[in-house]
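The following exercises introduce one protein structure through worked solutions. Please look at the structure first and then follow each solution step by step.

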Amino acid sequence: MRVAVVGAGIVGACTAWALVRKGAEVSLFERKHPMTETSRASSKLLHGGLRYLEGGHLCLVRKSLQARAVWLQQAPHLCEPLQLLLPVYADVGRPRWIVGMGIRLYDLLARGSGFPKGRWLSAEEVATLQPGLLRKGLQGAYAFYDAQMDDQALGNWVIEQFCAAGGTLQCEHEIAQIDALSGFDRIVNAAGPWALDLRRTQPGPPSYALDWVRGSHIVLDRPCPAAMLLQIPGEKRIFFVLPRRNQTLIGTTEVRQPGPDNPGPSEKEIDYLLDAHNHYLTPVALRSDMVEAFSGVRPLLRSADNPSDATREWAFERVGKVLHIYGGKWTTAQLQGEEAATRILQ
Ligand SMILES: Cc1cc2nc3c(=O)[nH]c(=O)nc-3n(C[C@H](O)[C@H](O)[C@H](O)COP(=O)(O)OP(=O)(O)OC[C@H]3O[C@@H](n4cnc5c(N)ncnc54)[C@H](O)[C@@H]3O)c2cc1C
């Protein structure tokens with residue numbers, strides 16, 4: 001079976017790799033180079049997504065937690081467990097009992113994946129781990145585990161596995177329309193944010209709609225003593241403060257945009273992230289402390305008015321010999337790829 005996969009982000013890479021493992025002859029087409037779009041602009045977390053529990057997405061969280069463990073087994077040189085603190089304040093944000101229940105449920109869903117369980121830390125213990133954290137009202141923090149990776153390096157490792165297994169990668173090769181691949185037995189559209197552009201080159205309306213939600217990060221040139229999840233002041237949203245190569249990664253935003261192209265982080269998003277950081281942490285961060293700002297566009301299945309509540313699940317649409325993939329997460333890309341490969345070879 002000769003199969004063409006369009007898009008060498010993490011979803012296309014994992015799908016192509018799964019297909020060669022199943023014996024297909026696979027060509028992976030990428031209009032730029034692998035991992036140059038959304039897949040390298042992530043928060044670099046392999047995670048279940050603690051916050052998705054609030055939305056009741058238990059199945060997705062369970063799948064993601066298992067997928068997290070698989071990445072760590074396969075590529076321990078490119079990802080590692082990470083302890084995150086979730087501070088609890090007296091009058092602001094979610095109360096301790098709710099956070100505690102979430103952590104216990106997260107542990108339960110991660111059962112068997114080999115990660116340590118979450119635990120409560122006193123305010124004094126938290127201050128030792130993160131001396132710059134706002135102390136007013138601080139009751140303590142839950143410490144729990146996820147994993148951290150270098151998205152570009154791990155994504156390129158998948159590409160290497162694909163090529164070593166006999167797959168062919170064709171870079172700087174844009175597929176303008178599905179018809180251009182008519183010589184193949186099967187085609188997979190893994191163009192991420194651009195998946196609908198390709199779908200529209202086939203007849204009929206697409207079965208799914210996408211929400212294009214930009215997320216931005218900033219990087220501060222200072223070490224981050226402890227990874228943290230904090231609530232944006234005055235909002236329900238949370239943001240991350242994470243260590244990254246002796247620097248501090250802060251993100252993310254959620255800005256709905258009308259199409260898939262990435263305009264980069266706006267001034268407003270940068271201020272939003274700096275303000276959120278400075279509400280909780282000293283020394284305060286100025287623009288001059290920033291060494292980088294980047295953004296990516298999430299291709300989310302349209303499912304909610306508020307992008308924060310939108311599902312991170314994925315969906316497939318089969319049109320003739322073409323399988324279109326919509327939505328998903330970095331962490332679960334191997335599951336998506338396996339499922340896509342099984343479906344397209346049927
Ligand atoms: C700010 C942010 C933070 C995130 N953080 C996390 C996280 O910490 N953990 C997590 O699990 N998930 C995270 N995600 C989600 C995750 O990054 C995405 O779900 C995932 O990267 C999407 O991958 P993709 O392969 O679908 O898309 P992409 O990586 O965008 O890949 C699509 C590829 O298709 C190519 N392409 C498009 N059209 C064509 C064409 N016509 N011909 C040839 N090539 C084409 C593009 O050039 C691109 O390389 C985050 C997302 C964002 C935006």
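**Exercise 1: An unusual peptide bond**

Pro-283 belongs to the loop between H7 and strand S14 (290–301), where helices (H or I, at least four residues) and strands (E, at least two) are DSSP runs numbered from the N terminus. The model is a predicted one, in which local features need pLDDT of at least 70, side-chain atom pairs count only at pLDDT 80 or more, and totals for chains, interfaces and linings use all residues. Residues are numbered from 1 along each chain as its sequence is written, and side-chain values use heavy atoms, with hydrogens and water left out.

Task: State which residue is joined to Pro-283 by a cis peptide bond.

Solution. The partner is Thr-282, and omega is about -5 degrees. A further cis bond runs from Gly-251 to Thr-252, with omega near 15 degrees. Thr-252 lies in the loop between strand S12 (247–251) and strand S13 (255–257).

**Exercise 2: The open sheet**

Task: Give the strand order of the open sheet of 6 strands and name its edge strands.

Solution. Step one: the order is S7-S2-S1-S8-S16-S15, with mixed pairing; two strands pair if DSSP finds at least two bridges between them. Step two: the edges are strand S7 (168–170) and strand S15 (314–319), each of which pairs on one side only. Step three: neighbouring strands are turned by 20 degrees against each other on average, direction ignored. Axes here are lines fitted to C-alpha atoms, for helices over the stretch in contact, and angles run from 0 to 180 degrees between N-to-C directions.

Step four: strand S1 (residues 2–6) and strand S2 (residues 25–29) run parallel and are joined by 5 bridges. Within this pair, Ala-4 has Ser-27 as its bridge partner in S2. Step five: helix H1 (residues 10–21) lies across S1, S2, strand S8 (186–189) and strand S16 (322–327), and runs at about 170 degrees to S2; contact means heavy atoms within 4.5 Å.

**Exercise 3: A backbone angle**

Task: Locate Met-35 and describe its phi.

Solution. Met-35 is in the loop between S2 and strand S3 (45–46). Its phi is positive, at about 55 degrees, although Met-35 is not a glycine.

**Exercise 4: The annotated span**

Task: State which residues the UniProt domain annotation covers.

Solution. The unreviewed UniProt entry gives "domain: FAD dependent oxidoreductase" for residues 2–334; such annotations may be inferred rather than shown by experiment, and their positions are given in the numbering used here, with feature names shortened. The span is 26% helix and 30% strand, and its end C-alpha atoms lie 21 Å apart.
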